[in-house]
Amino acid sequence: MSLPAVLFDFDGTVMDSEPAVLASYLHVFEIYASAPEFTDERRTEVLGPPLEKMMRIYFPDADVYEVMEEYRRYQTEHLKELMKPMPGAVELLKQLHEDGYRTGIVTSRLRESLEHILDVFEMKDLFDVLVCQDDGLPAKPAPDGILEACRQLGCDKSIYVGDSVSDLAAGKNAGSVTIAALTNLMKEQSLLDFGPDYAVHHLSEITEIMKGTGHE
């Protein structure tokens with residue numbers, strides 16, 4: 001029996017990028033609107049959706065591409081101080097490779113940005129495939145990114161790990177086994193309400209899930 005591909009969302013799942021995302025959004029709000037307009041509600045809703053989509057909502061009168069460029073410039077400049085791998089992520093990925101699994105990322109982040117972060121944190125070799133927003137596929141919750149990753153890996157089954165409802169919906173739509181990464185307290189209940197196949201608070205728990213499902 002061939003092993004399933006083990007695929008991950010990136011931001012909030014593999015990488016603890018929430019401080020970097022929030023700081024970068026606050027930075028552009030300070031420039032193109034005002035800091036108080038970056039409300040608690042918006043701090044929650046920006047975690048997951050494509051950047052361009054949210055920028056068009058928040059800054060309809062600005063040059064969206066200019067705003068995104070400033071966002072990315074700020075995030076790149078402060079990358080090492082604001083971002084770090086999720087606890088247990090590197091160890092889990094190394095273990096999956098040792099056990100013979102093919103791994104990948106399916107993300108709404110642009111490829112250039114993703115590859116830069118993986119290079120900075122020396123994690124690029126931990127993934128066999130990267131599927132990004134600019135690959136031209138429909139965004140999650142559409143299953144296309146997951147299905148494309150499986151196609152490239154030559155796997156007909158998959159497990160998808162994500163920290164948002166759109167991640168879990170994409171996994172379900174792709175026929176994947178879904179694992180909710182409960183890394184954000186404010187999103188935890190909505191993820192559990194969606195009904196993932198499994199839910200973990202720490203990525204190390206996925207190793208036990210693999211054993212329990214007979215995939216290891």
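**From an exposed loop residue to the helix contacts**

Let's start with Glu-122, which counts as exposed at 73% relative accessibility. On this scale, exposed means over 50% relative accessible area, buried means under 20%, and partly exposed is whatever falls in between, using a 1.4 Å probe and protein chains only. Glu-122 sits in the loop between helix 7 and strand 5, and its phi is near 55°, a positive value in a residue other than glycine. Helices and strands here are DSSP runs (H or I of at least four residues for helices, E of at least two for strands), numbered from the N terminus.

A quick word on what you're looking at. This is a predicted model, in which local features need pLDDT of at least 70 and side-chain atom pairs count only at pLDDT 80 or more, while totals for chains, interfaces and linings use all residues. Residues are numbered from 1 along each chain as its sequence is written, and side-chain values use heavy atoms, with hydrogens and water left out.

Further along the chain there's another backbone detail: the peptide bond from Lys-140 to Pro-141 is cis, with omega near 20°. Pro-141 belongs to the loop between strand 5 (129–131) and helix 8.

Now for the charges. Side chains of opposite charge can pair when their charged atoms come close. A search of the whole structure turns up 12 salt bridges, a salt bridge being a side-chain nitrogen of Lys or Arg within 4 Å of a carboxyl oxygen of Asp or Glu. One of them joins Arg-73 to Glu-77, with the closest N and O atoms 2.6 Å apart. Both residues lie in helix 4 (residues 64–77), four residues apart, or about one turn of the helix. An α-helix has 3.6 residues a turn, so residues three or four places apart point the same way. Arg-73 is partly exposed at 37%, while Glu-77 is exposed at 51%.

Helix 7 (residues 111–120) holds a pair with that spacing of four residues, Arg-111 and Glu-115. Their closest N and O atoms are 3.7 Å apart. Glu-115 comes out partly exposed at 24% relative accessibility, and 24% is also the value for Arg-111, again partly exposed. This pair doesn't stand alone: Arg-111, Glu-115, Lys-124 and Asp-135 are linked in a network of salt bridges.

For a bridge in another setting, go to Lys-187 and Asp-163, whose side chains meet at 2.8 Å, N to O. This pair links distant parts of the chain, 24 residues apart: Lys-187 is in helix 10 (residues 185–194), and Asp-163 is in the loop between strand 6 (158–162) and helix 9 (165–173). Both Lys-187 and Asp-163 are buried.

Helix 9 itself has buried residues: Asp-167, Leu-168, Ala-169, Ala-170 and Gly-171. Their cover includes helix 8 (144–153), strand 6, strand 7 (177–181) and helix 10, where being in contact means heavy atoms within 4.5 Å. After helix 9 comes Gly-175, with a positive phi near 80°.

Finally, look at helix 1 (residues 18–32) and helix 3 (residues 51–58), whose axes come within 12 Å and cross at roughly 30°. Axes are lines fitted to C-alpha atoms, for helices over the stretch in contact, and angles run from 0 to 180 degrees between N-to-C directions. The two helices are therefore roughly parallel to each other, the term for angles under 35 degrees. Tyr-25, Val-28 and Phe-29 in helix 1 meet Leu-51, Met-54, Met-55 and Tyr-58 in helix 3.

Methods: Parallel < 35°, antiparallel > 145°, perpendicular 65-115°, else oblique.
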